[in-house]
Amino acid sequence: MNRDGIGMTSQRTRARLVERLFEQGITDIRVLEVMRTTPRHLFVDEALAHRAYEDAALPIGFNQTLSQPYTVARMTELLLAGGRPANVLEIGTGSGYQTAVLAQLVGELCSVERIRALQERARLRLRELKIYNVALRHGDGFAGWPSRAPFDGILTTAAPRSVPEELVRQLRVGGRLVIPIGDDRSQRLTVVTRTEGGHEAREVEPARFVPLVSGTVR
Ligand code: SAH
């Protein structure tokens, strides 16, 4: 099937995906609506496009994966739980799908990716979808984006072993960091809230992400 063919059927399959997300406990209507309209099949290789609306993680090259829709929805919902953030940082642009979903729900979105080729592909897709409130940067997410800080929210789509202190520092007080934490055997999706004196962490549910790796790849 070519992309247009998928495009025609994808509206129906996305509606079914959103019903499943609701059954799985995603209740934020803003998130469900954006996932109903965002074409996930444009963020994977053409050969995988027919699988884009299964609730599965999909390979995007360079040993990286696009998170399953449930995970994208859950993380977005957790980030938005405090209101509509004006200024958000994402670590791990990857395919740009999570970026596209988030961008439609926040004011300004900054997104950092360590693998240049993934970042460039994501840039083209976001442009194709006419999403313009995103700034992309090739860099090491462990460093955040200091010149654009403080952020109302930070979302990380790869897992470090422990809470990255630098990211917490770039949150405004009351801002939240949604992040998987752990190693390749056990991870927990965690919400870290910046407080006056430091931060508070709340574990939400088990997770499975690629590791957050320091350094960059050209
Ligand atoms: N949100 C992405 C998921 C991609 S997987 C999507 O929707 O497709 C995680 C991504 O994090 C990968 O692209 C990986 O290269 C990136 N990553 C890992 N460590 C990183 C780091 N230190 N800084 C920036 N990006 C990183």
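This passage describes the pockets, the ligand surroundings and two backbone features of a predicted model.

The largest pocket has a volume of about 500 Å³. Its lining comprises 33 residues. Among these, Gln 64, Thr 65, Thr 157, Ala 158 and Val 210 lie nearest the centre of the pocket. Four elements each give two or more residues to this lining: β2 (64–66), α3 (69–80), α4 (97–103) and β4 (108–113). The largest share comes from β2, with three residues. By class, the lining of the largest pocket holds 15 nonpolar, 14 polar and four charged residues.

The ligand takes up the space of this largest pocket. Taken alone, the ligand exposes 580 Å². The protein buries 99% of that area. The shell around the ligand consists of 26 residues. Ser 95, Glu 113, Asp 140, Gly 141 and Val 213 are the closest of them. At least two shell residues come from each of β2, α4 and β4. As in the lining of the pocket, where β2 has the largest share, β2 gives the most to the shell, again with three residues. The shell divides by class into 13 nonpolar, ten polar and three charged residues.

Polar contacts to the ligand involve both backbone and side-chain atoms of the protein. At Gly 141, a polar backbone atom is 2.7 Å from a nitrogen atom of the ligand. Gly 141 is also among the residues closest to the ligand. At Thr 157, the contact is made by a polar side-chain atom, which lies 3.2 Å from a ligand nitrogen atom. Thr 157 is also one of the residues nearest the centre of the largest pocket. At Gln 98, a backbone N or O atom lies 3.3 Å from an oxygen atom of the ligand.

The second largest pocket has a volume of about 170 Å³. It is lined by 13 residues. Gly 82, Gly 83, Asp 152, Arg 172 and Gly 174 are the closest to its centre. Two elements, β6 (151–156) and β7 (171–182), give two or more residues to the lining of this second pocket. Of the elements, β7 gives the most, with four residues. The lining of the second largest pocket divides into three nonpolar, six polar and four charged residues.

Two backbone features were also noted. Most residues other than glycine have a negative phi, and most peptide bonds are trans. A cis peptide bond joins Ala 149 and Pro 150, with omega of about 5 degrees. Pro 150 is found in the loop between β5 (134–138) and β6. The strand β6 on one side of that loop also gives two or more residues to the lining of the second largest pocket. Phe 62 is not a glycine, yet has a positive phi of about 55 degrees. Phe 62 is placed in the loop between β1 (58–61) and β2. The strand β2 that borders this loop gives three residues to the lining of the largest pocket and three to the shell around the ligand.

Notes:
Residues are numbered from 1 along each chain as its sequence is written. This is a predicted model: local features need pLDDT of at least 70, side-chain atom pairs count only at pLDDT 80 or more; totals for chains, interfaces and linings use all residues. Side-chain values use heavy atoms; hydrogens and water are left out. On a 1 Å grid over the protein atoms alone, a cavity is a set of points where a 1.4 Å probe fits but cannot get out, and a pocket is an open set with protein on both sides within 12 Å along at least five of seven lines; lining residues have an atom within 4 Å of a point. Grid points are joined across faces, edges and corners, and a volume is the space filled by probe spheres set on the points. Ala, Val, Leu, Ile, Met, Phe, Trp, Tyr, Cys and Pro count as nonpolar, Asp, Glu, Lys and Arg as charged, and the others, Gly among them, as polar. A residue is near a molecule or strand if one of its heavy atoms lies within 4 Å of it. A polar contact is a pair of N or O atoms within 3.5 Å; within protein, one must be able to donate a hydrogen and the other to accept it, and residues adjacent in sequence count only if both atoms are side-chain atoms. Accessible areas come from the Shrake-Rupley method with a 1.4 Å probe; for residues, only the protein chains shown count as cover. A molecule sits in a cavity or pocket if more than half of its atoms lie within 2 Å of its grid points.
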